[in-house]
Amino acid sequence: MVNVLNAARELMYREALNEALKEEMDRDDKVFIMGEGIAERGGSYKVTEGLLEQFGSKRVFDTPISENGFTGAGVGAALTGMRPVVEILFVDFTMLILDQLINQAAKFRFMSGNTARVPMVLRTQGGVGNGLAAQHSQSLEAIFYHIPGLKLVMPSTPFDAKGLLKAAIRCDDPVIFIEHKLLYMNKGEVPEEEYIIPLGQADIKKEGKDLTIIAWSGMVPKVMEAAEILMKEGINAEVIDPRSLVPLDKMTIINSVKKTEHVLIVQEAVRRGGVGSDISSIIQEEAFDYLDSPVKILGGLNIPCPFNLNLEKMVVPQVEDIVRAAKEVVYSE
Amino acid sequence: MKKNTEDFLVSLYTTMYKIRNFEEQAIKLYRQGHIRGYFHPYLGEEAIATGVCAAMDGKDYITSTHRGHGHCLAWGADLKIMFAELLGKENGYCKGLGGSMHIADYTKNNLGANGIVGSGVPIAVGAALGISIRKEKQMVSTFVSDGGSNIGSFLEGLNLAAAWKLPVLFVIENNQYAVSTRIEDSTAETELYKRGIGFGLESVRLDGNDVLEVHKIAKSFIERCKNGEGPFLMECVTFRKSGHHVNDPGLYLPKEKVDYYKLHDPLLIGKKHLIELAGLSEIDIVEIEKVAMAEIKAAIDFAIKSPEMSEENFLKFVEEY
């Protein structure tokens, strides 16, 4: 478990993010934020509330609906010494900015022989919500995971969200920071004093000995709920949240696998071509001899997200699906 | 004729001559197998980069295009390091990892060529956004082609720069062809400066082959950018004297246009300025060209003799990825 410093205080995920932005903007006047409706309105999920008042309209401002343009502007500002935090309302809309992220931001450092750096954070949110349908419910991390030159962070708790966003802002490379729309109101302990969580450190959310469950972002609370149920049924699961998918803390995962000998990976994204498949292949390359049963991946169905709420629940893993899958892994012969 | 003006005209001509001969020599090096991949020569468009960059200062920024050698040289790039990069050598501007389409010098505010048409434009807008946040007296010139003027990045960049009143000079190099497609087949409005007007920018169309005209307009826009009056747009009408890239013979370019631009050539016009405005003789000009050519030859020699990055260094370089 992470050493939670002096944790008397509870904050919502969105409040923790807000605090990270405030602290970093206060610390470094090169940090500025832009996005759609983030200034006066404070953002769709209130993450940027109060920042305009505190830091003024030069450093907190709204953009036109022009994702490719203003993301490119973030890249240009980052290349020339600024530290932009660019907000894209939904991860689905990042499909409009792939050129600037993949062909531009991810490449400059390499193509320039290390003379250019792009210290930009791209904040966005993804995952299934409550009836937002196929163009506002996707989990698209695999696209960014695939691209060398990008870092990828997906926090699941208020504590992680704050510490990781601060690290992302201080990172000299472009960071894709994907929040989850169902986590914004979740509460958790966040210490008063400053802390940073370095990218590339997984967190063991629950220690256990019978099974390793790997999950990130919106799947973590569901996995924690499932782990409680499993505990009552005699299966003591260890829950690992990589927190940043790039860089990936392989060591923590492999060490856990060596201990439990059983692995379940739970991802909200569609099953096909997901990050879970890659983590599974890493485990089989590096810890095959320790495995007592095949690595199982529980992912979303390979279909777009339906609007109907009951059908929506069918397409991404639910607590009972996780419990069932965990038993399959542990009891398989 | 004042000495200052003479020096200025000589420096403009020298830059154009170096770009022309850099490209012609690079084509030779390509045919000889020293340069691999492909590249896009700036032949025939030399006056634009030369005129615009001469009106800027070193604290300003440029973004270039896939046809970017001319912008780099006009910005003051070192011929040796340029050739070394084109030959994929470790002492090139990008250690041989970028090549022609990604050549850049971030230490000198050259934000680089770009292999994706139009994508340098939002990046230039971002550099200007940083300038505006820092409240500095700098500006950014972004070069884009007629082909690039049809892509969303360019149009979004224009709108952002105008909405946020940023110090950007948009320079459209209208060479009349997007790869092999005539401008008349790409757009219903072929006077591209009107795109600027549509977004609220003061915009002009001018002869992009006359370096003095380019310089005059650029200078005024650049000064006004620094006084907070930006952004601006200039459409420089020109003609690509070659195919799209080094392997494209450009057979689709109509003979009458090719013939017209053979006479309306930026170097011929530059030479005329030297003779008529600076009082130089043909012999003086030959002397200038000799010196520049010697520099180019020495740079090629340097690049050919330079080492490539070793496997060991490359593996060290990619460790963090």
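Start in chain B of this predicted model by selecting helix 4, where B:Leu79, B:Lys80, B:Ile81, B:Met82, B:Phe83, B:Ala84, B:Glu85 and B:Leu86 are buried. Eight of the eight residues of this helix (residues 79-86) are buried, so helix 4 of chain B is largely enclosed by the rest of the structure. To see what packs against these buried residues, add helix 1 (3-31), helix 3 (69-75) and helix 12 (282-305) of chain B to the selection. Then click on B:Gly88, just after helix 4 of chain B, which has a positive phi of about 75°.

Next, show the sheet of chain B. Five strands make up this open sheet, in the order 1-2-3-7-6, with parallel pairing. Colour strand 1 (61-63) and strand 6 (202-207) of chain B: they stand at the edges with a single partner strand each, so one side of each has no neighbour in the sheet. On average, neighbouring strands here are turned by 20° against each other, direction ignored.

Zoom in on strand 6 of chain B, which runs parallel to strand 7 (residues 232-237) of chain B and is joined to it by six bridges. One residue to pick out is B:Asp207, whose bridge partner in strand 7 of chain B is B:Val237.

Keep the sheet on screen and add two helices. Helix 5 of chain B packs on the sheet and touches strand 1, strand 2 and strand 3 of chain B, with its direction at about 170° to that of strand 2 of chain B. Helix 2 (residues 46-54) of chain B lies across strand 1, strand 2 (140-145), strand 3 (168-174) and strand 7 of chain B, and runs at about 165° to strand 3 of chain B.

Now bring chain A into view. The contact between the chains takes 31 residues from chain A and 30 residues from chain B. On the side of chain B that touches chain A, helix 5 (120-134) and helix 6 (152-163) of chain B supply at least two residues each. Helix 5 of chain B gives the largest share of that side, nine residues. By type, the residues of that side of chain B are 18 nonpolar, ten polar and two charged.

Finish in chain A with helix 1 (residues 13-27). Its 15 residues reach 21 Å from the first C-alpha to the last, close to the 21 Å expected at 1.5 Å a residue. The buried residues of this helix include A:Tyr13, A:Arg14, A:Leu17, A:Leu21 and A:Met25. Select strand 1 (10-12), strand 2 (31-35), helix 2 (51-55), strand 4 (83-88) and helix 7 (158-170) of chain A to see what the buried residues of helix 1 of chain A pack against.

Technical notes:
Residues are numbered from 1 along each chain as its sequence is written. Chains are lettered from A and ligands numbered from 1 in the order in which they are written. This is a predicted model: local features need pLDDT of at least 70, side-chain atom pairs count only at pLDDT 80 or more; totals for chains, interfaces and linings use all residues. Two residues are in contact if their C-beta atoms, placed from the backbone, lie within 7 Å. Helices (H or I, at least four residues) and strands (E, at least two) are DSSP runs, numbered from the N terminus. Ala, Val, Leu, Ile, Met, Phe, Trp, Tyr, Cys and Pro count as nonpolar, Asp, Glu, Lys and Arg as charged, and the others, Gly among them, as polar. Two strands pair if DSSP finds at least two bridges between them. Axes are lines fitted to C-alpha atoms, for helices over the stretch in contact, and angles run from 0 to 180 degrees between N-to-C directions. The expected span of a helix is 1.5 Å times one less than its number of residues. A residue is buried if 20 or more other C-beta atoms lie within 10 Å of its own, exposed if 12 or fewer, and partly exposed in between; C-beta atoms are placed from the backbone.
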